[in-house]
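Me: I would like a close look at a single part of this model, with the surrounding detail that helps to place it. Please be careful about what each term means.

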Amino acid sequence: MMAPAQDRNARGLLETVLSQYMTGVEARGIIHYAFRHCEPESIDPERDGFPLPLINRLLRGVELFVKDETKRTCCKDRLGGLVGKTDPGASTRAEKNHDPPNGHRAANGHGATNGHGGAPNPSESEAPASAAVKLQLLADNDIVVARNQAKDTTAAMGFSKTEQIKIATAVSELARNVIRYATRGELRLEPAPGPATGIQVVCADQGPGIPHLERVLAGAYKSKTGLGLGLLGCKKIMDRFEVHTGPGGTTITAVKYRL
Amino acid sequence: MRKNRGVPIIKLHGNLLVSIQLELSDRLVAELKDDICDEIQRQNPHGLIIELSGIDILDSYIARSIRDISQVARLMGVRTVIAGLDPSMAVTLVEMGLVFSGVDTALNLEAAMQTLAQSRAEQEAAQRAITDPDGPGDLLELVE
């Protein structure tokens with residue numbers, strides 16, 4: 001976890017920037033939310049810049065709170081400029097289970113599309129194009145965050161606009177089910193396995209499980225609460241759709257390949 | 001225009017216009033339902049237009065909520081038209097099997113207003129025929 005002084009520094013800097021475009025309260029709110037979800041290990045803004053996932057999270061808030069078009073673009077540019085400017089390997093310095101890399105990623109300056117090797121470390125991305133993104137699903141707003149993140153990630157992967165919308169909708173459904181029925185959970189967006197370009201969505205929770213799963217997926221179950229509809233819809237949209245569910249929790253893995 | 005909590009509801013040519021221009025969280029959707037019902041009661045409109053061009057992702061919950069809103073509106077005597085659905089979203093909804101059954105749709109806001117204007121004219125003509133059966137028949141023909 002971050003040293004208090006560093007944390008204060010980082011937050012203070014962000015607040016200074018953001019409060020030029022929104023109120024101080026709004027800025028602090030966004031920052032608090034972003035830090036809570038990104039769990040950055042250590043941030044030294046002067047040396048490293050900010051991790052991309054954190055900035056992305058802040059950008060969501062900017063979308064919500066900055067109504068003026070020009071101001072919004074300006075603010076986003078400022079935030080974009082705060083992203084870690086050093087090589088992509090720099091953000092991996094903040095990883096939890098990694099030793100500082102010997103610049104192995106930095107060498108080619110590429111995010112990895114051919115698998116992440118040992119520890120995927122989803123919460124820090126090495127390059128936007130093939131980011132593995134991990135999101136906590138804790139509250140209603142996280143559904144919105146999740147689907148926007150899905151849209152961004154698939155856009156970066158080169159999916160067409162319609163495909164982006166489809167995948168984002170599926171993600172929205174899955175996230176909503178977690179919040180609605182399991183209260184909390186986790187969503188991962190990562191490159192799909194295999195040589196073809198695609199996205200893999202993994203949604204896990206420790207909720208009560210999905211009853212009548214076979215009937216739901218066969219379209220035969222009419223739930224009062226609407227659980228079945230979204231799930232079935234996801235299955236129709238995605239290329240692969242696996243559900244493991246039980247009283248201890250549910251994990252849904254879905255994959256869609258780019259055309 | 002009454003200042004509402006999230007989404008503004010505007011009275012326009014005897015209809016209510018709800019143009020959704022921000023991220024629809026579940027809470028906002030619930031508030032919107034209530035606000036629309038209140039406004040219908042307050043303003044007594046002929047129609048309700050739900051304009052969706054500001055939304056980019058529509059999942060089953062939001063789709064269902066919009067359908068619920070239009071059903072409630074109908075119970076209150078108000079006809080709902082949904083306008084401005086993004087083509088990608090339309091494709092997605094169809095593929096997911098989520099269809100807006102029983103809800104009128106229009107390509108855009110203008111078309112929606114025309115549909116409602118027409119239905120309003122028909123309704124008024126019909127009412128006139130009831131209250132004054134010997135009245136100006138020409139007006140009826142004009143509408144048709």
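The request concerns the pocket, and the reply then follows the charged side chains and the chain segments. Which residues lie nearest the centre of the largest pocket, and which elements give two or more residues to its lining?

Reply: This is a predicted model, in which local features need pLDDT of at least 70 and side-chain atom pairs count only at pLDDT 80 or more, while totals for chains, interfaces and linings use all residues. Residues are numbered from 1 along each chain as written, chains are lettered from A and ligands numbered from 1 in the order written, and side-chain values use heavy atoms, without hydrogens or water.

The largest pocket (on a 1 Å grid over the protein atoms alone, an open set of points where a 1.4 Å probe fits, with protein on both sides within 12 Å along at least five of seven lines) holds about 1000 Å³ of space, the volume being that filled by probe spheres set on the points, which are joined across faces, edges and corners. Its lining (residues with an atom within 4 Å of a point) consists of 36 residues, and those nearest the centre are Arg60(A), Glu63(A), Leu64(A), Val144(A) and Glu23(B). Chain A gives two or more residues to this lining from each of helix H2 (24-38), helix H4 (52-65), helix H5 (69-81) and helix H7 (140-156), and chain B does so from helix H1 (26-43); helices (H or I, at least four residues) and strands (E, at least two) are DSSP runs numbered from the N terminus. By residue type, the lining divides into 15 charged (Asp, Glu, Lys, Arg), 12 nonpolar (Ala, Val, Leu, Ile, Met, Phe, Trp, Tyr, Cys, Pro) and nine polar residues (the others, with Gly).

One of the residues nearest the pocket centre, Glu63(A), also belongs to a network of salt bridges that links Glu63(A), Arg72(A) and Lys76(A); a salt bridge is a side-chain nitrogen of Lys or Arg within 4 Å of a carboxyl oxygen of Asp or Glu. Over all chains, the structure holds 17 salt bridges.

One of the salt bridges brings together the side chains of Asp86(B) and Lys161(A), at 3.2 Å from N to O. This pair joins two chains, because Asp86(B) sits in the loop between S4 and helix H3 (87-96) of chain B, whereas Lys161(A) belongs to helix H8 (residues 161-182) of chain A. Lys161(A), with 48% relative accessibility, is partly exposed, a class that runs between buried (under 20% relative accessible area) and exposed (over 50%), with a 1.4 Å probe and protein chains only.

Helix H1 of chain B, which contributes to the pocket lining, takes part in a pairing of its own. There Lys33(B) forms a salt bridge with Asp68(B), and the closest N and O atoms are 3.5 Å apart. The link spans distant parts of the chain, since Lys33(B) lies in helix H1 and Asp68(B) in helix H2 of chain B, 35 residues apart. Lys33(B) is partly exposed at 29% relative accessibility, and Asp68(B) is likewise partly exposed, at 25%.

In chain A, a further salt bridge connects Glu190(A) with Arg188(A) at 3.1 Å from N to O. Here Glu190(A) is buried, with 12% relative accessibility, whereas Arg188(A), with a relative accessible area of 25%, is partly exposed.

Helix H7 of chain A, another contributor to the lining, contains Asp152(A), a partly exposed residue with a relative accessible area of 35%. The C-alpha atom of Asp152(A) is separated by 8.2 Å from that of Gln164(A), 12 residues apart along the chain. Elsewhere in chain A, Asp239(A) occupies the loop between helix H10 (227-237) and strand S4 (240-246) and is partly exposed at 43% relative accessibility; its C-alpha atom and that of Ala254(A), 15 residues apart along the chain, are separated by 7.4 Å.

Two loop residues deserve a note on backbone angles. Most residues other than glycine have a negative phi. His212(A), however, has a positive phi of about 55°; this residue lies in the loop between strand S3 (198-205) and helix H9 (213-217) of chain A and is partly exposed at 38% relative accessibility. His13(B) also has a positive phi, near 50°, in the loop between strand S1 (9-12) and strand S2 (15-19) of chain B, and His13(B) is exposed, with a relative accessible area of 65%.

As for chain B as a whole, it has five helices and five strands, which follow the pattern β-β-α-β-α-β-α-β-α-α along the sequence, and 42% of its 144 residues count as buried.
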